[in-house]
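Let's take a walk through a protein model, one corner at a time. Have the picture open while you read, and try to find each spot as it comes up.

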Amino acid sequence: MSSLMIAAAGGWFAATMFAPPATGKEPRFPQLTMDQLNETQKPLGEQIMKISSVGIGGPYNPLMRSPVLGQRLFDLFHYLRWETSVPTKLNEFAILIIGRQWRSQVEWFAHAPLAAKAGLNADIITELKAGNRPSKMAEDEAVVYDFVTELTTTQKVSDEIYARAKKVFNDQQIVDLTAVAGNYVMVAMLLAMAEETVPPGKEPPFKVGEK
């Protein structure tokens, strides 16, 4: 993709996918387009445009303000999404668990379709979105739910849950599962701090006042 095409694409995504809501409030981090990036930011922006369906929206928009950090995290995101040892369906399930805990509009909006595409049952997604422990999970799905939930809500993994995890995952997968959960807590924090929203015209997954 040429630099001109990248710049045009970046402008289009920014204008159509992550324009600020019509609330009258100034965005904390105005949406950047490729042609606004400086020489430090452009290399990262070009990498993002090659793989991101939303351009430099979502967490990438605030991360552009710290491009060295952004580059380090981009590399981490790449591993945790496309090179992780955790099967894609379970990886996306872990991301959704964090998205639901944080009621992260952007995380859920982006990853619920990816989880479904990866084979996560629609009933599991629906029950999780409602704030419930899904009732009909396979053994590996139940382990992911209980492992991630216990770790993020009690700040520990009990011997019982760890023993269950060891039955279905190897050591690398347990480490990668822990890392993806922690990573998407950080992503949820970035999105919340920056007040990033779903695309204009799209329904937020979680209603205001809903628990």
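## K25 and its partner

K25 is partly exposed, with a relative accessible area of 48%. You'll find K25 in the loop that links α1 (3–16) and α2 (42–51). Keep in mind that this is a predicted model. Which side chain does K25 join in a polar contact? The partner is E195, and the contact between the two side chains is 3.0 Å.

So let's look at E195 too. E195 sits in the segment after α10 (171–194). Like K25, E195 counts as partly exposed, at 34% relative accessibility. E195 also has a backbone quirk: its phi is near 55°, a positive value in a residue other than glycine.

## The whole protein

Time to zoom out. How many helices and strands are there? The protein has ten helices and zero strands, and reading along the sequence gives the pattern α-α-α-α-α-α-α-α-α-α.

The protein has 211 residues, and 44% of them count as buried. Now take the contacts with a separation of 6 or more: residues 24 or more positions apart account for 64% of these.

## α2 beside α4

Here's a pair of helices to line up on your screen. Two packed helices are described by the angle between their axes and the distance between the axes. For α2 and α4, the axes come within 10 Å and cross at roughly 25°. An angle under 35 degrees counts as roughly parallel, so α2 is roughly parallel to α4. The crossing of α2 past α4 is left-handed.

Which residues meet here? From α2 come L44, Q47, I48 and I51, and from α4 come P67, G70, Q71, F74 and W82.

While you're there, look for H78, another residue of α4 (67–83). H78 is partly exposed, with a relative accessible area of 30%. The side chain of H78 makes a polar contact of 3.4 Å with the side chain of E83. H78 and I51 are 27 residues apart in sequence, and their C-alpha atoms are 9.4 Å apart in space.

## The two faces of α7

Next stop: helix α7, which covers residues 122–129. Its buried residues are I124, I125 and L128. Seen down the axis of α7, these buried residues fall within an arc of 100°, so they line one face of the helix. There's a handy rule behind this kind of pattern: an α-helix has 3.6 residues a turn, so residues three or four places apart point the same way.

What about the face turned away from the buried side? That one carries the exposed residues A122, D123 and T126. Back on the buried side, the cover over the buried residues includes α5 (88–102), α6 (105–117) and α8 (139–154).

Both ends of α7 have a detail to spot. At the start, a side-chain oxygen of N121 reaches to within 2.7 Å of the backbone nitrogen of D123. Just after α7, G131 takes a positive phi of about 90°.

## α8 and its neighbours

Helix α8 is home to E141. Is E141 buried or exposed? E141 is buried, with a relative accessible area of just 5%; the cut-off for buried is under 20%. Leaving out residues up to four places away in sequence, E141 touches K89, L90, F93, L120, I124 and K136. You've already met one of these, I124, among the buried residues of α7.

Now follow α8 over to α9 (159–168): their axes come within 10 Å and cross at roughly 140°. That makes α8 oblique to α9. The crossing of α8 past α9 is left-handed. On the α8 side, E139, A142, V143, D146, F147 and E150 make the contact, while α9 brings I161, R164, A165 and V168.

## In the loop between α8 and α9

Finally, stop at Q155, in the loop between α8 and α9. Q155 is exposed, with a relative accessible area of 62%; over 50% counts as exposed. Its phi is near 60°, a positive value in a residue other than glycine. That may ring a bell, since E195 also has a positive phi, near 55°.

Definitions and conventions
Residues are numbered from 1 along each chain as its sequence is written. This is a predicted model: local features need pLDDT of at least 70, side-chain atom pairs count only at pLDDT 80 or more; totals for chains, interfaces and linings use all residues. Side-chain values use heavy atoms; hydrogens and water are left out. Buried means under 20% relative accessible area, exposed over 50%, partly exposed in between (1.4 Å probe, protein chains only). Helices (H or I, at least four residues) and strands (E, at least two) are DSSP runs, numbered from the N terminus. The arc is that of the directions from the helix axis to the C-beta atoms. Contact means heavy atoms within 4.5 Å. A polar contact is a pair of N or O atoms within 3.5 Å; within protein, one must be able to donate a hydrogen and the other to accept it, and residues adjacent in sequence count only if both atoms are side-chain atoms. Axes are lines fitted to C-alpha atoms, for helices over the stretch in contact, and angles run from 0 to 180 degrees between N-to-C directions. Angles under 35 degrees count as roughly parallel, over 145 as roughly antiparallel, 65 to 115 as roughly perpendicular and the rest as oblique. A crossing is left-handed if the near helix is turned anticlockwise from the far one by less than a right angle, and right-handed if clockwise.
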